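Colleague: I am new to reading protein models. Could you take me through this one, feature by feature?

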Amino acid sequence: MTSIDISGTFQLGSRRVRRIGYGAMQLAGPGVFGPPRDRATAVAVLREAVASGVDHIDTSDFYGPHITNQIIREALAPYPDPLTIVTKVGARRNETGDWLPAFSRAELTQAVHDNLRNLGLEVLDIVNLRLMFGRHGPAEGSLEAPLVVLADLQKQGLIRHIGLSNVTAAQVREARRLCEIVCVQNHYNLAHRHDDGLVDDLARDGVAYVPFFPLGGFSPLQSTTLSDVAASLGATPMQVALAWLLQRAPNILLIPGTSSLAHLRENLAAAELELPDEARARLDGIAAEHAAG
Ligand SMILES: NC(=O)c1ccc[n+]([C@@H]2O[C@H](COP(=O)([O-])OP(=O)(O)OC[C@H]3O[C@@H](n4cnc5c(N)ncnc54)[C@H](OP(=O)(O)O)[C@@H]3O)[C@@H](O)[C@H]2O)c1
């Protein structure tokens with residue numbers, strides 16, 4: 001048994017995956033643009049993640065662009081079975097690295113083919129439709145048109161399952177009326193809890209919720225309460241942040257991102273951290289502190 005087995009499994013598309021996975025965004029260069037400073041370590045991080053039991057990797061062809069998927073292919077192909085690779089479409093990068101919406105039928109179809117080619121796959125396990133309706137997070141608006149394109153690509157056999165990213169609860173409801181949605185990937189962590197209700201609704205329906213920025217993203221979480229709780233448990237703040245998510249709801253699947261072998265090991269070890277009720281109560285106060293601060 002690998003240590004990450006301790007945190008259990010959850011259904012993701014056709015497979016049950018371990019609840020601690022890996023997010024590959026940090027494997028591209030600075031700003032998720034261009035090649036990494038250390039490609040050999042990027043390859044080593046992916047191989048060690050899988051050797052440690054990670055069977056769920058999150059990526060996109062717009063990381064780099066193309067580069068992160070090419071590194072995943074170099075590190076892991078032919079892919080072990082079971083490994084679920086989740087990708088996302090709906091954005092593109094320009095020559096200076098800006099993130100631009102890309103929702104036309106032609107752009108979505110191109111993105112699916114780019115992911116297939118760069119990952120070296122014939123079918124993508126799960127494709128998240130990543131909305132870009134707002135500048136700073138989810139914004140309302142119908143997702144029917146782009147979702148219909150993905151459903152068509154699914155009927156053609158290029159995609160097994162469809163998920164959503166950066167969406168509102170209303171958009172999740174709209175999408176689930178149109179096709180089966182197997183996961184929702186939104187910004188969520190112990191300091192950013194806008195989706196509390198959505199997490200619980202999806203848990204009731206057995207749909208995976210995959211928080212992005214589980215450690216705070218480009219500026220990792222900083223909180224005196226978090227540091228104090230971590231010190232009292234003999235763990236690191238990042239391990240406590242991940243353990244809090246694991247204990248928050250059974251449908252939460254983790255995809256912490258790192259370009260470092262040391263951080264990968266630290267993050268995977270969070271599976272073994274049990275948070276006492278008193279620690280969880282203190283951690284639950286962080287979101288309010290964050291909102292006030
Ligand atoms: N759907 C979306 O719109 C969306 C948006 C953002 C991200 N994502 C996905 O979500 C995944 C996770 O998000 P993320 O990587 O942006 O953010 P994250 O997991 O919250 O944090 C990553 C940051 O934390 C650092 N870090 C990781 N482990 C650490 C540790 N143990 N101690 C200290 N620092 C640590 C990383 O730096 P080092 O490299 O130095 O470890 C990196 O700067 C991504 O990889 C991507 O797959 C999706």
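Modeller: Start with a single contact to the ligand. A polar side-chain atom of aspartate 58 sits 2.6 Å from a ligand oxygen atom. Keep in mind that this is a predicted model.

Colleague: What distance separates a polar side-chain atom of histidine 263 from an oxygen atom of the ligand?

Modeller: For histidine 263, that distance is 2.5 Å. Glutamate 266 faces another kind of atom: one of its polar side-chain atoms lies 3.2 Å from a nitrogen atom of the ligand.

Colleague: How much of the ligand does the protein bury?

Modeller: Taken alone, the ligand exposes 890 Å². The protein buries 88% of that area.

Colleague: Which residues come nearest to the ligand?

Modeller: The ligand has 26 residues around it. Asp58, Leu215, Thr258, Ser259 and His263 come nearest.

Colleague: How do the residues of that shell divide into nonpolar, polar and charged?

Modeller: There are 11 nonpolar residues, 11 polar ones and 4 charged ones.

Colleague: Which helix gives the most to the shell?

Modeller: Helix H9, which spans residues 261-268, gives the most, with 3 residues.

Colleague: And which pocket does the ligand take up?

Modeller: The ligand takes the space of the largest pocket.

Colleague: Now the protein itself. Why does asparagine 69 count as buried?

Modeller: A residue is buried when its relative accessible area is under 20%. Asparagine 69 counts as buried because its relative accessibility is 0%. Look for asparagine 69 in helix H2, residues 67-76. Its side chain makes a polar contact of 2.9 Å with the side chain of asparagine 115.

Colleague: Is aspartate 114 buried or exposed?

Modeller: Apply the cut-off again. Aspartate 114 has 12% relative accessibility, so it counts as buried. Aspartate 114 belongs to helix H3, residues 105-119. There is a side-chain partner too: a polar contact of 3.1 Å joins aspartate 114 to arginine 117.

Colleague: Let me try a loop. Where is glycine 21?

Modeller: Glycine 21 is in the loop between strand E2 (15-18) and strand E3 (22-23). Do not judge burial from the word "loop". Read the accessible area instead. Glycine 21 has a relative accessible area of 2%, so it is buried.

Colleague: How many residues apart along the chain are glycine 21 and valine 123?

Modeller: They are 102 residues apart along the chain. In space, their C-alpha atoms are separated by 20 Å. Read both values together: one follows the chain, the other crosses the model.

Methods
Residues are numbered from 1 along each chain as its sequence is written. This is a predicted model: local features need pLDDT of at least 70, side-chain atom pairs count only at pLDDT 80 or more; totals for chains, interfaces and linings use all residues. Side-chain values use heavy atoms; hydrogens and water are left out. A residue is near a molecule or strand if one of its heavy atoms lies within 4 Å of it. A polar contact is a pair of N or O atoms within 3.5 Å; within protein, one must be able to donate a hydrogen and the other to accept it, and residues adjacent in sequence count only if both atoms are side-chain atoms. Accessible areas come from the Shrake-Rupley method with a 1.4 Å probe; for residues, only the protein chains shown count as cover. On a 1 Å grid over the protein atoms alone, a cavity is a set of points where a 1.4 Å probe fits but cannot get out, and a pocket is an open set with protein on both sides within 12 Å along at least five of seven lines; lining residues have an atom within 4 Å of a point. A molecule sits in a cavity or pocket if more than half of its atoms lie within 2 Å of its grid points. Helices (H or I, at least four residues) and strands (E, at least two) are DSSP runs, numbered from the N terminus. Ala, Val, Leu, Ile, Met, Phe, Trp, Tyr, Cys and Pro count as nonpolar, Asp, Glu, Lys and Arg as charged, and the others, Gly among them, as polar. Buried means under 20% relative accessible area, exposed over 50%, partly exposed in between (1.4 Å probe, protein chains only).
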